Amino acid sequence: MPNSKPKSLFSGKMERKDNQSPQGEVAGILVEFLEVAITSVVYLKGIYPSGAFERRRYMNVVVKRARHPQLREYIHSAVSGLLPSIQKGLVERVAVTFFNTDNIPMERFIFKLMVNQSFGSKVEESDLEFSLRSFLIKLSVSQSLTTVLPRDCRWEIMAYFRSLPQVSTSKDAEMWIPTDTKQWQQPPLITPIKSMNSEPLGFQLYLEHPSPAEQVSG
């Protein structure tokens, strides 16, 4: 039965409301996309056996879906909890960060987004999805740009806000807590992967790695 909570990307699209604002439409599409893209990043890094994922099709692209319920729910709940803040333009970046055993970041996949709060026209969903699909295609062939990670690394989803959202009663939002993660002291090395800039949405995907000085000092 349809409800107001976003469905898993791989089982169907989230419910669209007839009176939804353009920002709400864009945020809904982004949340769906981020669930798939983050799963693709985790698969790309190979920190789980390939059998932990199964093939699915999204935006007419073959993608991966996590088989393990806890892994799938973590990704789904994390991005779903960001939906109200993305709609209001509060979220600046969503990162998938990989850490070593000392809890120091080794690599970040950064999704940088800007939802135009003044956009008042109808969102052309097919055009937006066409643009986002190219990110999935580019991501799937980006392994050579990434760092080889040790087997004992860990990872998490992080969000960076332009301003802190008000306390929410949403159960999904409750999992977002301030982080005490160690940060790099030097500006990171940035590797662009893909970017787009349309009227309702600006979106970039890039990699961050510690600078050589940071690696030596670490």
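Here are some notes on how this predicted model holds together, from its core out to its charged pairs.

1. Start with the main core. The largest nonpolar core has 53 residues, and Phe33, Ile86, Phe111, Leu132 and Phe203 are the ones with the most contacts inside it. Helix 1 supplies the largest share of this core, 13 residues.

2. Phe111 is a good place to zoom in. Setting aside neighbours within four places in sequence, its contacts include Phe33, Leu34, Ala37, Ile38 and Val41. Phe111 also touches Glu92, Arg93, Val94 and Val96, along with Phe203, Gln204 and Leu205. Phe111 sits in strand 4, which covers residues 105–115.

3. There is another core to look for. This second one is separate, has 6 residues, and counts Ala95, Phe99, Ile110 and Tyr206 among them.

4. Next, have a look at how helix 1 (residues 22–45) meets helix 2 (residues 69–81). The two pack at an angle of about 145°, their axes are 9 Å apart, and the crossing is right-handed. Helix 1 brings Val31, Leu34, Glu35, Ile38 and Thr39 to the contact, while Ile75, His76, Val79 and Ser80 come from helix 2. Sorted by class, that makes 5 nonpolar, 3 polar and 1 charged residues.

5. Now for the charges: the model has 7 salt bridges. One of them pairs the side chains of Lys45 and Glu107, with 2.8 Å from N to O. Lys45 belongs to helix 1 and Glu107 to strand 4, so this pair ties together parts that are 62 residues apart in sequence. Both Lys45 and Glu107 are buried.

6. Strand 4 also takes part in a salt bridge through Arg108, whose side chain meets that of Glu208 at 3.3 Å, N to O. Glu208 lies in strand 7 (residues 201–209), so here the parts tied together are 100 residues apart in sequence. Arg108 and Glu208 are buried too.

7. What about Glu156 and Arg154, which also form a salt bridge (3.3 Å, N to O): why does Glu156 count as buried, and why does Arg154 count as partly exposed? Glu156 has 18% relative accessibility, which is under the 20% limit, so it counts as buried. Arg154 comes out at 33%, in between the 20% and 50% limits, so it counts as partly exposed.

8. One last thing to find on the structure: Glu54, Arg56, Arg65 and Arg67 are joined into one network by salt bridges that share partners.

Terms used: Residues are numbered from 1 along each chain as its sequence is written. This is a predicted model: local features need pLDDT of at least 70, side-chain atom pairs count only at pLDDT 80 or more; totals for chains, interfaces and linings use all residues. Side-chain values use heavy atoms; hydrogens and water are left out. A salt bridge is a side-chain nitrogen of Lys or Arg within 4 Å of a carboxyl oxygen of Asp or Glu. Helices (H or I, at least four residues) and strands (E, at least two) are DSSP runs, numbered from the N terminus. Buried means under 20% relative accessible area, exposed over 50%, partly exposed in between (1.4 Å probe, protein chains only). Axes are lines fitted to C-alpha atoms, for helices over the stretch in contact, and angles run from 0 to 180 degrees between N-to-C directions. A crossing is left-handed if the near helix is turned anticlockwise from the far one by less than a right angle, and right-handed if clockwise. Contact means heavy atoms within 4.5 Å. Ala, Val, Leu, Ile, Met, Phe, Trp, Tyr, Cys and Pro count as nonpolar, Asp, Glu, Lys and Arg as charged, and the others, Gly among them, as polar. A nonpolar core is a set of buried Ala, Val, Leu, Ile, Met, Phe, Trp, Tyr and Cys residues joined through side-chain atoms within 4.5 Å.
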